[in-house]
Amino acid sequence: MPQMAPLNWLTLLVYFIMIFLLLNSFNFYTFLYHHKSKKLDMKSLTKINWKCL
């Protein structure tokens, strides 16, 4: 039935958008940042420049 084709495309579009948003939200919230420790920052600040000697 050709009359029903737009409804099928509309439902497929809605399904694909829902799956796309769902997967994007899962990927966004499951990503974890690795924080640098403060000890590494202190070491980088205490380096001596050769021009100061």
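Phenylalanine 28 is exposed in this predicted model, because its relative accessibility of 60% lies over the 50% cut-off that defines an exposed residue. Its partner in an aromatic pair is tyrosine 29, and a search of the whole structure finds one such pair. The two rings are arranged edge-to-face, with a distance of 5.0 Å from centre to centre and an angle of 80° between their planes. Tyrosine 29 likewise counts as exposed, since its relative accessibility is 66%.

Threonine 30 is located in helix 1, and with a relative accessibility of 56% this residue is also classed as exposed. A polar atom of the threonine 30 side chain lies 2.7 Å from the backbone oxygen of phenylalanine 26, a separation that falls within the 3.5 Å limit applied to polar contacts.

Helix 1 itself comprises residues 5-30, and the protein as a whole has two helices and zero strands. According to the unreviewed UniProt entry, residues 12-33 are covered by the annotation "transmembrane region". Over this annotated stretch the chain is 86% helix and 0% strand, and the C-alpha atoms at its two ends are 35 Å apart.

Leucine 7 is placed in helix 1, and its relative accessibility of 46% makes this residue partly exposed, because the value falls between the 20% and 50% cut-offs. The side chain of leucine 7 contributes to a nonpolar surface patch of about 880 Å², which is made by Met4, Leu7, Leu10, Leu13, Val14, Ile17, Met18, Phe20 and Leu21.

With regard to the overall surface, the protein exposes about 6,200 Å², of which 73% is supplied by carbon and sulfur atoms. Buried residues account for 0% of the 53 residues in the protein, where a residue would need a relative accessible area under 20% to be classed as buried.

How values were computed
Residues numbered from 1 in each chain as written. Predicted model: local features only at pLDDT ≥ 70, side-chain atom pairs only at ≥ 80, totals over all residues. Heavy atoms only, no water. UniProt positions renumbered as here; feature names shortened; annotations may be inferred. Helix = DSSP H or I, 4+ residues; strand = E, 2+ residues; numbered from the N terminus. Patch = residues over 30% accessible without salt bridge, like charges linked within 9 Å, V, L, I, M, F, W, Y side chains within 5 Å. Areas by Shrake-Rupley, 256 points an atom, 1.4 Å probe, with all protein chains shown as cover. Salt bridge = Lys/Arg side-chain N within 4 Å of Asp/Glu carboxyl O. Buried < 20%, exposed > 50% of the residue type's maximum accessible area, 1.4 Å probe, protein only. Phe/Tyr/Trp six-rings, centres within 6.5 Å; stacked < 30°, edge-to-face > 60°. Polar contact = N/O pair within 3.5 Å; in protein donor to acceptor, adjacent residues only side chain to side chain.
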